[in-house]
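Colleague: Please take one part of this predicted model and go through it closely. I would like the open sheet, strand by strand, and what lies across it.

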Amino acid sequence: MGPPRIAIAARGSARDGLGHFMRARALAEAFAALPVDLRVFLLGEESGAALFRHSQVSHHRCNSDAELAVELAEFGADAAVFDMLTLSSEAFAKIREHSGITVSLSPVFDRLRQSDFLVHRTVHEDPEWTKTAPFPERIKGLDYTIVSERCRRIPKRVFQSHLAQSPLSIAISMGGADAPNRTLEILNVLKNAHCSLLIWVALGEAYTHSYEALVKAVSGTKHEVILVKSNESMWRVLRSSCLVICSAGMTTYEAAFVGLPSINLPLFPDRNYLIRELEEHGACRVFTGDESGYAKMLQLVERWEKHRDEMLAMHEKATKTIRSGGAQRVAEAILKRI
């Protein structure tokens, strides 16, 4: 018998976001360090392949669900790992027929109930999961949070030095695509802050809205805005901030890992269970993703600008929340179940 055959399939787009590609890449790199036969398949836009350009892991881009099914059926993986929101029932059935086990990294995958395992990054679950059977076995907890090794923790002394500077440096990161352009909405709220702010705006590979509109949103105000188009190097830039405003996706977990306090404005409130544990640990704050939540966000930013010790306390709690090596633990857990 040869080494275990591992297939990782991820989908990303302006609608689905690009976080699935980032997580799949981190897991693929963890598997690449083990004695396995690894194949990575990408579905979606070209921006997904761009995220692998600096990775040593080879990958193949598929043009359709049907093509992915053919590729995985021919490979005959011992474990087929999916990080995506949707896959056609026909494609999944074909893949499952020719694979040992099926694993989902996404808690909202539409083939979740037909999968064998779910790797879940928190102990909290969607109450709907167990109302109807069947449901896959869960491998869950913060220890199974997959964070790229490109994320580096911010030392306390560095964070303190940033806190001591004026204006207060904050960041906005609403995902690689931000299809509804919530970045612009948040800038239009922050421009009314009574305090001066230095605002870093992180824009992903798939952001297609007007950059000029972002600049105009704060023109004529006392704030500075810096637009950054980045994915892989995002945390090298954002580590100079004291706070990040995000939408409760992978960025929330990465922010907690590096030690950056976050304000979360979820687009889907029924998925708040995904970041509840981080909030319980004091690593982030969560508001509704509407006008009421935006108002609370603005109030909190203005408060923290005056009471920066509160952000330091959150930084210290965040850095203790997520351990390193999550991708390796996920890879090992999958291998044990083959």
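Modeller: First, a term: two strands count as paired if DSSP finds at least two bridges between them. On that basis, six strands form an open sheet in this predicted model. Their order is E10-E9-E8-E11-E12-E13, and the pairing is parallel. Strand E10 (224–229) sits at one edge and strand E13 (284–286) is the other edge strand. Each of these two pairs on one side only. On average, neighbouring strands of the sheet are turned by 20° against each other, direction ignored.

Now one pair in detail. Strand E8 covers residues 168–173, and strand E9 covers residues 197–203. Six bridges join E8 and E9, in the parallel sense. Within this pairing, isoleucine 170 stands opposite isoleucine 199 in E9. In general, strands of a sheet pair through backbone hydrogen bonds.

Next, the helix. Helix H11, residues 291–306, lies across five strands of the model: E8, E9, E11 (244–246), E12 (262–264) and E13. H11 runs at about 170° to E12.

One more site, for probe work. The second largest pocket has a volume of about 170 Å³. Its lining has 16 residues. Nearest the pocket centre lie Val147, Ser148, Glu149, Ala327 and Gln328. Helix H1 (19–32) supplies at least two lining residues, and so does helix H13 (326–336). By type, the lining of this pocket divides into seven nonpolar, six polar and three charged residues.

Notes. Residues numbered from 1 in each chain as written. Predicted model: local features only at pLDDT ≥ 70, side-chain atom pairs only at ≥ 80, totals over all residues. Heavy atoms only, no water. Helix = DSSP H or I, 4+ residues; strand = E, 2+ residues; numbered from the N terminus. Axes fitted to C-alpha atoms, helices over the stretch in contact; angles between N-to-C directions. Contact = heavy atoms within 4.5 Å. 1 Å grid on protein atoms, 1.4 Å probe; cavity = no way out; pocket = protein on both sides within 12 Å on 5 of 7 lines; lining within 4 Å. Points joined across faces, edges and corners; volume = space filled by probe spheres on them. Nonpolar A, V, L, I, M, F, W, Y, C, P; charged D, E, K, R; others polar.
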